[in-house]
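Trainee: Could you take me through a close look at a single part of this model, the charged side-chain pairs, beginning with one partner and how open to solvent that partner is? I would welcome a connected account rather than a list.

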Amino acid sequence: MKSSLRTMALAAAVGAVTAGTMGDGLAADTTKMRYGHMNAPGSVAGEQAQMFADLLAERTNGAMKMTVYPSSQLGKLQEQAEGVSMGSITMSHNTAAGIGSLYAPFAALDTPYLYRDVDHLMKVVDVDSPVMKTLNEGLIKAAGTRVLYAFYFGTRQLTANKAFPSPESLAGTKIRAIPFPIYMSTVAGLGAIPVPVNFSELPTALATGVVSGQENPIETIYASKIYEVQSHIMLTGHIMGAEIVVINNKFWEGLDPKSRDIMAAVANEVRVKATKMELQAEKEDLEIMKKAGVTVIGEAEGLKLAAFKASVRKVVQERLADKYGDLYKMIEAIK
């Protein structure tokens with residue numbers, strides 16, 4: 001039911017669009033545009049990608065056709081990031097740390113316990129913010145890749161098949177981490193042994209005992225059915241994150257100005273819609289999983305949140321402060 005409701009919401013958004021026209025002299029080849037990502041088609045991240053493609057086709061009277069490839073069909077996170085850089089993939093969305101594989105400073109955006117709230121996060125990752133302008137310039141120069149927009153991806157929580165109420169309780173436990181340094185550091189800060197596993201390989205890693213748990217946003221835990229094989233969710237809330245949607249810069253520069261304006265306008269609409277959908281999904285999905293029998297452990301149930309924050313921040317300070325200190329100051333200054 002939830003998936004069908006989301007689909008109806010997306011259809012309504014697409015139907016509300018008034019078709020525009022393409023500018024003259026469109027230079028880039030828009031018949032082979034590919035948007036690749038790791039998420040399930042029915043997740044908010046997956047649905048926003050299809051929304052972008054649908055709106056773009058509608059606004060351009062079918063002149064710009066984007067084919068979406070979900071569920072890591074075009075490769076793992078690193079491969080998709082590199083694909084956009086090389087131009088074999090037109091667009092993709094990735095974690096900030098994933099984009100950091102192309103331009104290292106981007107990883108700072110995924111630092112745990114960094115943002116005051118979702119509003120602060122979204123102001124930071126707005127393409128017109130001073131932080132994102134600085135990072136985008138570096139990304140274009142380093143990898144020929146440009147940020148088009150970013151949307152709220154949720155706040156990451158810990159799952160396992162038993163309660164882990166404190167960093168001490170996780171000692172010796174293998175927890176899956178996204179295979180990028182800032183995520184490995186975060187899981188270590190939580191008190192566990194971080195094991196790098198790509199998202200496409202996560203179900204197998206959990207089923208075979210390679211890892212005993214993992215961490216992801218609530219909506220991802222639900223949409224990817226992780227809750228069916230993990231009985232406990234610990235509300236550590238360690239990373240509040242946005243997915244960064246990037247486009248090959250050569251392709252972007254090959255579009256005529258009017259076409260770029262249309263694409264940018266669609267990007268902004270999708271950013272706003274996807275963020276609202278994710279916020280709603282977080283609330284709904286947690287309740288659904290509770291009703292399905294998942295044990296949710298927050299501070300009221302004994303979770304030592306202050307201890308997790310202190311432990312994670314200690315590791316971050318030791319490993320990342322020197323590298324990203326200036327960016328952290330810029331992020332803090334955004335109100």
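Mentor: Glu 287 is a good place to begin, and in this predicted model Glu 287 is partly exposed, with a relative accessible area of 39%. The side chain of Glu 287 meets that of Lys 290 in a salt bridge, with a distance of 3.6 Å from N to O, which falls within the 4 Å allowed for such a pair. Lys 290 likewise counts as partly exposed, at 40% relative accessibility. Both residues belong to helix α11, which spans residues 257-291, and because they are 3 residues apart in that helix, about one helical turn separates them.

By the rule applied here, the count for the model comes to 8 salt bridges, and two others help to place the pair in α11 in context. One of them joins the side chains of Asp 119 and Lys 123, at 3.3 Å from N to O. Here too the partners lie in one helix, α5 (residues 118-125), where they are 4 residues apart and so separated by about one helical turn. Asp 119 is partly exposed, with a relative accessible area of 46%, and Lys 123 also counts as partly exposed, at 34% relative accessibility.

The other is the salt bridge between Glu 215 and Arg 156, whose closest N and O atoms are 2.7 Å apart. This pair links distant parts of the chain, since Glu 215 sits in strand β7 (residues 213-217) and Arg 156 in strand β4 (residues 145-160), 59 residues apart. Glu 215 counts as buried, at 1% relative accessibility, and Arg 156 is buried as well, with a relative accessible area of 3%; both values are under the 20% that sets the limit for a buried residue.

Read side by side, then, the pair Glu 287 and Lys 290 is set within helix α11 and the pair Asp 119 and Lys 123 within helix α5, whereas Glu 215 and Arg 156 bring together strands β7 and β4. In the matter of accessibility, Glu 287 is partly exposed, as is Lys 290, while Glu 215 is buried and so is Arg 156.

Technical notes. Residues are numbered from 1 along each chain as its sequence is written. This is a predicted model: local features need pLDDT of at least 70, side-chain atom pairs count only at pLDDT 80 or more; totals for chains, interfaces and linings use all residues. Side-chain values use heavy atoms; hydrogens and water are left out. Helices (H or I, at least four residues) and strands (E, at least two) are DSSP runs, numbered from the N terminus. Buried means under 20% relative accessible area, exposed over 50%, partly exposed in between (1.4 Å probe, protein chains only).
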